[in-house]
Amino acid sequence: LILIGCSVEENQTTDTGISIKVSKLENSSVNLAQYEVIRVIDGDTVELKNGERLRYNDIDTPETVHPSKPIECYGPEASAKNEELVEGKIILVELGNPKKDKYGRLLGYVYVDDVFVNAELVKGGYAEVNSYGNPGSKIDELMNIERDAKLKSIGLWDSCVK
């Protein structure tokens, strides 16, 4: 685990025209931790090389491995997209507050290179925004991205009845 205590946020406009904040390693107080992803568990949870699990902050993807729920609509697609984005890669995580959820998983915003993974999953309709009563610092940006995905009927917003 390498802790990186410096970052700067800059606005980046996605192809949907929504401005999102992307963390870069420069001079700021955002606390980022670097991890290696060894396995994608589902659309919003991964296993890290250090043995911990990481749950993406402020988003929820349809279930594929829940012990008491069946595989949900668009769950396999969300898991596959998450694998494409992060499996086997080094990620930077802006840890949430709290840093862990009630199941002991790390919580955070995930970045691979210049891609804000949480936002990418919402933008593609693989995830919906859900703060579970503890919204993070990027909840407003994620809600704007979700609104755009819903309006365009992208991903689960087209394929699944809510």
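User: Why is Lys138 called buried?

Analyst: Buried means under 20% relative accessible area, exposed means over 50%, and partly exposed lies in between, with a 1.4 Å probe and protein chains only. The relative accessible area of Lys138 is 1%, which is under 20%, so Lys138 counts as buried. The model is predicted, so local features need pLDDT of at least 70 and side-chain atom pairs count only at pLDDT 80 or more, while totals for chains, interfaces and linings use all residues. Residues are numbered from 1 along each chain as its sequence is written, and side-chain values use heavy atoms, with hydrogens and water left out.

User: What makes the contact of Glu94 and Lys138 a salt bridge?

Analyst: A salt bridge requires a side-chain nitrogen of Lys or Arg within 4 Å of a carboxyl oxygen of Asp or Glu. For Glu94 and Lys138 the distance from N to O is 3.2 Å, so the pair meets the rule. Glu94 belongs to strand β8 (residues 90–100), whereas Lys138 is in the loop between β11 (128–129) and α3 (139–151), so the salt bridge ties together parts 44 residues apart in sequence. Helices (H or I, at least four residues) and strands (E, at least two) are DSSP runs, numbered from the N terminus. Glu94 is buried, at 10% relative accessibility.

User: Which residues are joined into one network by salt bridges that share partners?

Analyst: They are Asp44, Arg55 and Asp60. Within this network, the closest N and O atoms of Arg55 and Asp60 are 3.3 Å apart, so this pair satisfies the 4 Å rule. Arg55 counts as buried at 7% relative accessibility, and Asp60 counts as buried at 16%.

User: How many salt bridges does the structure hold by this rule, and why does the pair of Glu36 and Lys49 qualify?

Analyst: The count comes to 11 salt bridges. In the pair of Glu36 and Lys49, the closest N and O atoms are 3.7 Å apart, which is within 4 Å, so the pair is included. Glu36 lies in strand β4 (residues 32–42) and Lys49 in the loop between β5 (45–48) and β6 (53–56), so this link spans distant parts of the chain, 13 residues apart. At 29% relative accessibility Glu36 is partly exposed, whereas Lys49, at 59%, is exposed.

User: Why is the link of Cys73 and Cys160 called a disulfide?

Analyst: A disulfide is a pair of cysteine sulfur atoms within 2.5 Å. The sulfur atoms of Cys73 and Cys160 are 2.0 Å apart, so the pair fits the definition. The whole structure has 1 disulfide. The link is left-handed, with -80 degrees about the S-S bond. It connects distant parts of the chain, 87 residues apart: Cys73 is in the loop between β7 (59–60) and α1 (75–86), and Cys160 is in the segment after α4 (156–159). In general, a disulfide is a covalent bond between the sulfur atoms of two cysteines.

User: Are Cys73 and Cys160 buried or exposed, and what values decide this?

Analyst: Cys160 has a relative accessible area of 12% and is buried. Cys73 stands at 40%, so it falls between the two cut-offs and counts as partly exposed.

User: What makes the aromatic pairs of Phe116 edge-to-face or stacked?

Analyst: Rings of Phe, Tyr and Trp (its six-membered ring) pair if their centres lie within 6.5 Å; planes under 30 degrees apart are stacked, those over 60 are edge-to-face, and the rest are tilted. The structure holds 3 aromatic pairs. In one of them, the ring centres of Tyr109 and Phe116 are 5.7 Å apart and the planes meet at 75 degrees, so the pair is edge-to-face. Tyr111 and Phe116 are stacked, with 5.1 Å from centre to centre and 20 degrees between the planes. Tyr109, Tyr111 and Phe116 form one aromatic cluster. Tyr109 is buried at 2%, Phe116 is buried at 2%, and Tyr111 is buried at 2%.

User: Why is the charged end of Lys138 said to sit over the ring of Tyr109?

Analyst: A charge sits over a ring if NZ of Lys or CZ of Arg is within 6 Å of the ring centre and within 35 degrees of the ring normal. The charged end of Lys138 is 5.4 Å from the centre of the Tyr109 ring, so the distance is within the limit. Lys150 likewise lies over the face of Trp157, at 4.8 Å from the ring centre.
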